[in-house]
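Reader: I am new to this structure and would like to know how its labels are earned. Please set each value against its rule.

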Amino acid sequence: MSNDAQDTATDLTAPDPTAADPAATDPATPAEDALRSRIRAEVTALRESFDAGTTRPLEARLAQLEALRRGLRREEPRLARALAEDLGKSRTESALTELGVVSQEITHTMKNLRTWQKPQRLPLGAMLAPATGELRREPLGTTLIIAPWNYPVNLTLSPLVAAIAGGNTAIVKPSEVAPATSAALTHLLRTHLDPAWVRVIEGAVEETTILLEQRFDLIFYTGNGTVGRIVARAAAEHLTPTVLELGGKSPVFVDEGTDLAITARRIVWGKFTNAGQTCIAPDYLMATPRTVQRLLPHLRKAVRALYSGRPERSLDYGRLVSTKHFDRVLALIDDNKTICGGTADADRETRFIPPTLMTEVGWDDAVMGEEIFGPVLPILTVSGPDEAIARIRAGEKPLTAYVFSPRREIEERFAEETSSGSLALGLTLAHVGTTGMPFGGVGESGMGAYHGRTGFEAFTHAKPVVKKPLAPDTLKLVYPPYTGLKRRLLRRLFR
Ligand code: NAD
């Protein structure tokens, strides 16, 4: 099925699709009943294997991670073909931003899991002495991973690595908007992983809605905030914790005195990788009028250097995922303001939009009204860092903020005075590829984080375990009656 046929689920700008819930009034059809029964059976099977303790032993977790690594290697050609079909991703870009990231996550996790799993000693203080305390990481149970389409392999499997590492079972729901990759992932997981650990449910709104009716012990959702709210609401019904990896407009500020040639290359790469369909792609650029004038030739040059003068022929330049997204992004381009790319060269048939730079953009222009999520970079002038900081603070908290400045004090001001999921100084995008840094949003850009140890922590409960010998019975001190001596002793203890 084409991506367009599938891409009916989410409109980033559409009103909340739960506003009117047809299921509340219409009786379920036999097909819906059958789907609901199938989904319930899958969740029940995973819960049973979790309850049986299948996923607890460290060696079993390592074996599943190894199976995933093997599967990833074996299915690499199939996954790469699917990514090319869905998003026009080149094999190298797929290796770099999808499969490579997952492999690295698996290797890092396998190397460190034993250490992460070790109970940590807790200092308990004089009040409880003699006693020992430790923090144990216990699995949460049966988890649900709902993935988006833009990095469909990476964003489906990286959370799964953390789920397995934590000793959980998982239902995986790949995105229907990247149907070829959804099918390839399903094949990979069903062929290489144990169904006692991981099961896949493919599908769109109907399937996800039924999934969300079930009780899970964690829901890990990546996608837009409208659906994020639907997920959070459904999770509240069962008091299920959620990790919400959302998006938003990630700003870039380029300060005076920065090396503009390198800065331009880094911004262009971050913006136009995957044709701009990256949650942390630089969404818009701010600089003083003087810096903008100096930066523009470098930006144009960087576009040519990375994607040639004919990006439609570059094997390294991607395509929009569907005509729906093609139409949405094209409508944001104002050809009177483009200095590179624009609508004239776009091709709906192949869902190609060239790398597009727009200048003299106003804060109220359409392109500033929503997350662009496509290959369009609006450039806005500001009076300096003060205004850039004020603009960021006036909007929702971004997933990432980018600053290119030669001045330490300016970097520090952005770190202290703005809030975002992460702050990247002097680079774009690459920070998301490291296992050493938590990745997640804040406020409107999400809650919770993962990658490396943080992922393991997201998929486990930190359980304090305390032990105190029965003798001597030092707790006698806190039992009534509270005599003068006890009161004096307690006062000393709590000082
Ligand atoms: P999408 O359309 O694939 O939706 C994500 C998931 O939600 C899919 O599995 C889909 O089936 C499900 N879904 C869609 N509508 C639903 C509904 N009504 N009820 C229940 N489930 C539903 O992907 P998207 O949301 O278009 O992804 C793009 C957004 O995701 C952007 O905002 C981007 O910034 C964000 N994103 C964030 C991260 C991150 O790590 N923070 C990564 C990638 C994308």
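Reader: What makes Glu42 count as buried?

Author: This is a predicted model, so every value here is computed from predicted atoms. Glu42 has a relative accessible area of 16%. Buried means under 20%, so Glu42 is called buried.

Reader: How do you know that Glu42 forms a salt bridge with Arg199?

Author: The closest N and O atoms of Glu42 and Arg199 are 2.7 Å apart. The rule asks for a side-chain nitrogen of Lys or Arg within 4 Å of a carboxyl oxygen of Asp or Glu, so the pair is a salt bridge. Glu42 is in helix H3 and Arg199 in strand S5 (residues 198–200), and the pair links distant parts of the chain, 157 residues apart.

Reader: Why is Arg199 called partly exposed?

Author: The relative accessibility of Arg199 is 23%. Partly exposed is the class between under 20% and over 50%, so Arg199 counts as partly exposed.

Reader: What makes Glu213 and Arg36 a salt bridge?

Author: Their closest N and O atoms are 2.9 Å apart, and the cut-off is 4 Å. Because Glu213 lies in helix H9 (residues 205–213) and Arg36 in helix H3 (residues 30–51), the pair ties together parts that are 177 residues apart in sequence.

Reader: Which labels do Glu213 and Arg36 get, and why?

Author: Glu213 has 36% relative accessibility and counts as partly exposed. Arg36 has 15% and counts as buried. The reason is that the line for buried is drawn at under 20%.

Reader: How do you know that Glu444 forms a salt bridge with Arg229?

Author: The closest N and O atoms of Glu444 and Arg229 are 3.0 Å apart, and the rule accepts a pair within 4 Å. Glu444 sits in the loop between strand S14 (422–425) and strand S15 (446–447), while Arg229 belongs to helix H10 (residues 225–237), 215 residues apart. Glu444 is partly exposed at 31% relative accessibility, and Arg229 is partly exposed at 41%.

Reader: How many salt bridges does the rule give?

Author: The count comes to 26 salt bridges. There is also a network of salt bridges that links Arg47, Arg215 and Asp217.

Reader: What makes Arg265, Arg266, Arg300, Lys301 and Arg304 a patch of positive charge?

Author: These residues gather on the surface. Lys and Arg count as positive, and a patch takes residues with over 30% relative accessible area and no salt bridge, like charges being joined within 9 Å. Arg300 has 32% relative accessibility and counts as partly exposed. Its place is in helix H12.

Reader: Which elements give two or more residues to the positive patch?

Author: They are helix H11 (260–272) and helix H12 (289–307). H12 gives the largest share, 3 residues.

Reader: Which residues make the nonpolar surface patch?

Author: Leu128, Val466, Leu475 and Tyr479 make a nonpolar patch of about 320 Å². Leu128 is in the loop between S1 and S2. At 30% relative accessibility Leu128 counts as partly exposed, because the value falls between the limits of 20% and 50%.

Reader: How do you know that strands S1 and S2 pair?

Author: Strand S1 (residues 120–122) and strand S2 (residues 132–139) run antiparallel and are joined by 3 bridges. At least two bridges are needed, so the strands pair. Within this pairing, Gln120 stands opposite Leu135 in S2.

Reader: What pairs S2 with strand S16?

Author: S2 and S16 (residues 460–467) pair in the antiparallel sense over 8 bridges. Leu135 stands opposite Pro464 in S16.

Reader: Why are some backbone values singled out?

Author: Most residues other than glycine have a negative phi, and most peptide bonds are trans. Ser308 has a positive phi of about 70 degrees although it is not a glycine. Ser308 is found in the loop between H12 and helix H13 (323–330). Phe373 has a positive phi of about 50 degrees and is not a glycine either. Phe373 is in the loop between strand S11 (356–358) and strand S12 (376–381).

Reader: Is Phe373 buried or exposed, and why?

Author: The relative accessibility of Phe373 is 11%, so Phe373 counts as buried. The cut-off is under 20%.

Reader: What makes the peptide bond from Ala471 to Pro472 cis?

Author: Its omega is near 0 degrees. The bond from Pro480 to Pro481 is cis too, with omega near 0 degrees. Pro472 is in the loop between S16 and helix H17 (484–493), and Pro481 also lies in the loop between S16 and H17.

Methods:
Residues numbered from 1 in each chain as written. Predicted model: local features only at pLDDT ≥ 70, side-chain atom pairs only at ≥ 80, totals over all residues. Heavy atoms only, no water. Patch = residues over 30% accessible without salt bridge, like charges linked within 9 Å, V, L, I, M, F, W, Y side chains within 5 Å. Areas by Shrake-Rupley, 256 points an atom, 1.4 Å probe, with all protein chains shown as cover. Charge placed at Lys NZ, Arg CZ, Asp CG, Glu CD. Helix = DSSP H or I, 4+ residues; strand = E, 2+ residues; numbered from the N terminus. Buried < 20%, exposed > 50% of the residue type's maximum accessible area, 1.4 Å probe, protein only.
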